Amino acid sequence: MKVIGIVGSPRCRGNTDLLVEQVLAGARVHGIETEKVHLGELDIRSCRACYSCAATGRCVIEDDFPWLLEKVLGASGIVLGSPMYVGTVTAQMKAFIDRVDCSQVEMVRAPTGEARFRSRHRGRFGVVVAVCDLSPMAELRRCARVLEACLRDLGARPVGEVLARRLSDIGDVRKRPELLARAFRTGERLAAAIRGGEIG
Ligand SMILES: Cc1cc2nc3c(=O)[nH]c(=O)nc-3n(C[C@H](O)[C@H](O)[C@H](O)COP(=O)(O)O)c2cc1C
């Protein structure tokens, strides 16, 4: 059983990184293996909307995306974290989200003929971490919804979220023990979901 944390901030040891790390630490105390990946260190290019993946589920762009996707699909839990940049996730995170959405979601027809989109996957659980400075909570929640949509595209049911405002400089969150504790508890909840609810 493994949880993968994906950090969408370009800043290593920044606020998102530290909160994602706490979520992973909460899962680890319940015996779950964890791994963290920084999108800023990977080459993940933008979706070209060529729709080659529609039939195959495979993206034709040759970069680090297939490597990361394999890791993500091999995990039981996914933690997606991003700071808010101009009202939404970072460009690094958006590139990942678009690539997932295009390649891992299929169109199905309802009996009424209406088109619906559903993930090619099932059976995972996820947590989102969204961080900002001065924007209002409602805006941060919209940013978190974007991350949640990606969890669903990956077949992961969201079981918790960590939303943190008033964080600006790298490492500011270290001065907010209540946020770190909340992130840790959210990781424990993720572990419980993965283990079928056996943790308190
Ligand atoms: C390009 C850019 C755009 C930003 N846009 C917003 C924003 O719209 N609202 C907000 O509250 N903070 C905004 N911020 C501040 C970051 O969300 C904040 O500093 C956050 O703590 C950074 O997270 P990190 O430490 O994980 O990198 C922005 C920062 C940058 C660099």
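The exercises below, each with a worked solution, concern a predicted model.

**Exercise 1.** Decide whether Asn-15 is buried or exposed, and describe its surroundings.

*Solution.* Begin by placing the residue in its element: Asn-15 lies in helix α1, which covers residues 15-28. Next, compare its relative accessibility with the cut-off, which calls a residue buried when the value is under 20%. Asn-15 has a relative accessibility of 5%, and therefore it counts as buried. Then look for its neighbours, leaving aside residues up to four places away in sequence: Asn-15 touches Val-131, Leu-167, Ser-168, Asp-169, Ile-170, Gly-171, Asp-172 and Val-173. Finally, examine one of these neighbours in detail, for the side chain of Asn-15 reaches the backbone nitrogen of Asp-172 at 3.0 Å.

**Exercise 2.** Find out which residues of helix α3 are buried, and how they are arranged around its axis.

*Solution.* Helix α3 spans residues 65-73, and its buried residues are Phe-65, Leu-68, Leu-69 and Val-72. Looking down the axis of α3, one finds these buried residues within an arc of 100°, so they line one face of the helix. A general rule helps here: an α-helix has 3.6 residues a turn, so residues three or four places apart point the same way. As a last step, ask what this face meets: the buried residues of α3 pack against the strands β1 (2-7), β2 (33-38), β3 (77-83) and β6 (124-131), and also against helix α4.

**Exercise 3.** Describe the largest pocket by its volume, its central residues and the elements that line it.

*Solution.* Start with the volume, which is about 340 Å³ for the largest pocket. This pocket is lined by 19 residues, of which Asp-101, Cys-102, Val-105, Glu-106 and Phe-117 are the closest to its centre. Now turn to the elements: those that give two or more residues to the lining are α2 (53-56), α4 (91-104), β4 (105-109), β5 (115-119) and α5 (137-153). Sorting the lining by class then gives nine nonpolar, three polar and seven charged residues.

**Exercise 4.** State how many cavities of 30 Å³ or more the structure holds, and describe the lining of the largest cavity.

*Solution.* The structure holds one cavity of 30 Å³ or more, and the largest cavity encloses about 90 Å³ of space. Among the 14 residues that line the largest cavity, Cys-47, Cys-50, Cys-53, Cys-59 and Cys-102 are the closest to its centre. Helix α4 gives the most to this lining, with three residues. By class, the lining of the largest cavity consists of nine nonpolar, two polar and three charged residues.

Notes
Residues numbered from 1 in each chain as written. Predicted model: local features only at pLDDT ≥ 70, side-chain atom pairs only at ≥ 80, totals over all residues. Heavy atoms only, no water. Helix = DSSP H or I, 4+ residues; strand = E, 2+ residues; numbered from the N terminus. Buried < 20%, exposed > 50% of the residue type's maximum accessible area, 1.4 Å probe, protein only. Polar contact = N/O pair within 3.5 Å; in protein donor to acceptor, adjacent residues only side chain to side chain. Contact = heavy atoms within 4.5 Å. 1 Å grid on protein atoms, 1.4 Å probe; cavity = no way out; pocket = protein on both sides within 12 Å on 5 of 7 lines; lining within 4 Å. Points joined across faces, edges and corners; volume = space filled by probe spheres on them. Nonpolar A, V, L, I, M, F, W, Y, C, P; charged D, E, K, R; others polar. Arc of directions from axis to C-beta.
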